[in-house]
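I opened this notebook to record, entry by entry, what I looked up in one structure. Charged pairs come first and sheets afterwards.

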Amino acid sequence: MPHSSSSAPRDRLLGVRLARGASPWLLPTVATAAVSLTRARRSGRWAALAVPSTALAAGMLWFFRDPDREIAQGRVISPADGVVQSIMPWKDGRTRVAIFMSPLNVHVNRAPLAGTVTSVEHIPGGFVPAFNKESENNERVVWHFDTELGDIEMVQIAGAVARRIVPYVPKDTKVEQGERIGLIRFGSRVDIYLPAGVEVAVEVGQPTTAGVTRLDRD
């Protein structure tokens, strides 16, 4: 059965399940498209506006879609849709898996393991493209989860277009594996640090699906 939780979005528009936190972007564009389409028959100016405004509204619906997922089995699952950008051993024995999210990916991030959120820290920074090495100093939200594997760190990183990260759950919240925990508007990057001794099951360039792709190997 698809995973459901209290953090699941309730918003729907034209039958599309939408991500929480999308309304400030969606409502103005959809309203403009609706008005321009209504008045297009009576005015050439409105007709000229109807095409780009409708295309923008359709794009917004696509960007902020939030489909249900059949949550995979495994100790650690991907928190983000995207492509594995890098796999880097860390000095403390952990392995960082960086997942690049393009504007075409689903932007909702999910809990990689079941556990308790012990920290949600917003760190101000820049907005260079997420594929740039300097993006590590971008605007970001650092998560820590207390799990059966110990402390798990996950970082949502804003990019050149993504200027807002929207956490769905606060500190001390118990989450299920695959539960929706936050949104990065218009793509960017999500890093997850696998504990020492956990073998990585993905490769650089491999596509990932939040809640579906397993990151660790037995």
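**Entry 1: Arg94 and its partner**

I began with Arg94, which counts as buried at 18% relative accessibility, because the cut-off for buried is under 20%. The model I am reading is a predicted one. I then asked which side chain Arg94 meets in a salt bridge. It is that of Glu153, at 3.0 Å from N to O. I noted that this pair links distant parts of the chain, 59 residues apart. Glu153 belongs to strand 8, residues 150-157, whereas Arg94 sits in the loop between strand 3 and strand 4 (95-101). Glu153 also counts as buried, with a relative accessibility of 13%.

**Entry 2: Arg180**

I next looked up where Arg180 lies, and found it in strand 11, which covers residues 180-184. Is Arg180 buried or exposed? Its relative accessible area is 0%, so I entered it as buried.

I then followed the side chain of Arg180 to its contacts. It reaches the backbone oxygen of Pro67 at 3.5 Å. With the side chain of Asp68 it makes a polar contact of 3.0 Å. The pair Asp68 and Arg180 is also listed as a salt bridge, with 3.0 Å from N to O. Asp68 is in the loop between helix 2 (44-63) and strand 3 (82-89), and Arg180 is in strand 11, so this salt bridge ties together parts that are 112 residues apart in sequence. I recorded that Asp68 is partly exposed, with a relative accessible area of 39%, while Arg180 is buried.

**Entry 3: Other salt bridges**

How many salt bridges does a search of the whole structure find? I noted 11. One further pair that I looked up is Arg217 with Glu199, whose closest N and O atoms are 3.3 Å apart. Arg217 lies in strand 15 (residues 216-217) and Glu199 in strand 13 (residues 199-200), so the pair ties together parts 18 residues apart in sequence. Both ends are partly exposed: Arg217 has a relative accessible area of 39%, and Glu199 has 45%.

I also found a network of salt bridges that links Arg75, Arg214, Asp216 and Asp218.

**Entry 4: The sheet that holds strand 11**

I returned to strand 11 to see which strands accompany it. Three strands make an open sheet in the order 5-11-9, with antiparallel pairing. Strand 5 (108-110) and strand 9 (165-167) are at the edges; each has a single partner strand, so one side of each is left without a neighbour in the sheet. On average, and with direction ignored, neighbouring strands here are turned by 25° against each other.

I looked more closely at strand 9 and strand 11, which pair in the antiparallel sense over three bridges. Val166 has Leu183 of strand 11 as its bridge partner.

**Entry 5: The sheet of eight strands**

My last search concerned an open sheet of eight strands, ordered 10-6-7-8-12-4-3-14 and paired antiparallel. Which strands stand at its edges? They are strand 10 (174-175) and strand 14 (207-208), each of which pairs on one side only.

Within this order I examined strand 3 and strand 4, which run antiparallel and are joined by six bridges. I closed the entry with Met88, which stands opposite Arg96 in strand 4. Strand 8, the strand that holds Glu153, also appears in the order of this sheet.

Notes:
Residues numbered from 1 in each chain as written. Predicted model: local features only at pLDDT ≥ 70, side-chain atom pairs only at ≥ 80, totals over all residues. Heavy atoms only, no water. Helix = DSSP H or I, 4+ residues; strand = E, 2+ residues; numbered from the N terminus. Buried < 20%, exposed > 50% of the residue type's maximum accessible area, 1.4 Å probe, protein only. Polar contact = N/O pair within 3.5 Å; in protein donor to acceptor, adjacent residues only side chain to side chain. Salt bridge = Lys/Arg side-chain N within 4 Å of Asp/Glu carboxyl O. Pairing = 2+ DSSP bridges. Axes fitted to C-alpha atoms, helices over the stretch in contact; angles between N-to-C directions.
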